[in-house]
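Here's a quick tour of a protein fold for someone just getting started. Take a look at the sequence and the structure, then use the notes below to find your way around.

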Amino acid sequence: MKNLSLLLLFVGFNLFAQNNLPDLNLTTLEGKSVSLKNEFNEKDKLYVFSFWATWCAPCINELDEMNDLQEDWKKEANFEVIAVSTDDSRTQKRVKPLVNGKEWTYKILLDTNQDLKRALSIVNIPYTIVVKNNQIVHIQNGYVPGSEVELFEKLKTL
């Protein structure tokens, strides 16, 4: 009975999980407001939203690895990586210098109030979602070396 209760609880949480990309606006490093629904809606293109923060070493390692590999990956899959900083007002000033120092080629968005993070019920970062046609088609929680290869293999199947 206890196992059945746990199963029902797990299924219940999944039923209420966010399946669509929320219709929110985030800000670019340059201060421009970007609508998620309007900006990331190219038909059948995969959008890889990687949630990170300046204080999160595994997040930065993941983004470094994806930055090094993405040009090769784009030969086999139509996708774009969007790095969503969840830094709050205390640490947000570190985002632009870190990004400039890393020379990441991603589109960087700021989720300063963590509205998107909250809308997707994200608890811990790094957290990656893959969106296709405004639908969340894959979720990857956490990062260990090699996770980026698993992600790429998944992208090729979507």
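**A quick briefing**

With 75° about the S-S bond, the link of Cys 56 and Cys 59 is right-handed. Keep in mind that this is a predicted model. Besides that link, the things to look for are a sheet of 7 strands and a nonpolar core of 44 residues.

**The disulfide**

- The count comes to 1 disulfide here, and the pair it joins is Cys 56 and Cys 59, with 2.2 Å from S to S.
- Are these two cysteines, Cys 56 and Cys 59, buried or exposed? Both Cys 56 and Cys 59 are buried.

**The sheet**

- The 7 strands make an open sheet with mixed pairing, and they run in the order S2-S1-S5-S4-S3-S6-S7.
- Why do S2 and S7 each have one side without a neighbour in the sheet? Strand S2 (33-35) and strand S7 (135-141) stand at the edges with a single partner strand each, so one side of each is left free of a neighbour in the sheet.
- On average, neighbouring strands of this sheet are turned by 35° against each other, if you ignore direction.
- Zoom in on S4 and S5, and you'll find them paired in the parallel sense over 4 bridges.
- Ala 83 stands opposite Ile 108 in S5.

**Helices on the sheet**

- H3 packs on the sheet and touches S3, S4, S6 and S7, with its direction at about 160° to that of S3.
- H6 also packs on the sheet, touching S3, S4, S6 and S7, and the direction of H6 makes about 160° with that of S7.

**The nonpolar core**

- In soluble globular proteins, nonpolar side chains tend to be buried together.
- The largest nonpolar core here has 44 residues, and Phe 49, Phe 51, Trp 52, Ile 108 and Ile 129 have the most contacts inside it.
- Several elements each supply at least two residues of this core, among them helix H3 (57-73), strand S4 (79-85) and helix H6 (147-157).
- Strand S3 gives the largest share of this core, 6 residues.
- Leaving aside neighbours within four places in sequence, Ile 108 is in contact with residues including Trp 52, Ala 83, Val 95 and Val 99.

**A look at Val 34**

- Val 34 sits in strand S2 and is buried, with a relative accessible area of 5%.
- Why does 5% make Val 34 buried? Buried means under 20% relative accessible area, so Val 34 at 5% counts as buried.
- Val 34 and Leu 110 are 76 residues apart in sequence, and their C-alpha atoms are 9.9 Å apart in space.
- Beyond its neighbours within four places in sequence, Val 34 is in contact with residues including Leu 24, Phe 40 and Leu 109.

How values were computed
Residues numbered from 1 in each chain as written. Predicted model: local features only at pLDDT ≥ 70, side-chain atom pairs only at ≥ 80, totals over all residues. Heavy atoms only, no water. Disulfide = S-S within 2.5 Å. Buried < 20%, exposed > 50% of the residue type's maximum accessible area, 1.4 Å probe, protein only. Core = buried A, V, L, I, M, F, W, Y, C linked by side-chain atoms within 4.5 Å. Contact = heavy atoms within 4.5 Å. Pairing = 2+ DSSP bridges. Axes fitted to C-alpha atoms, helices over the stretch in contact; angles between N-to-C directions.
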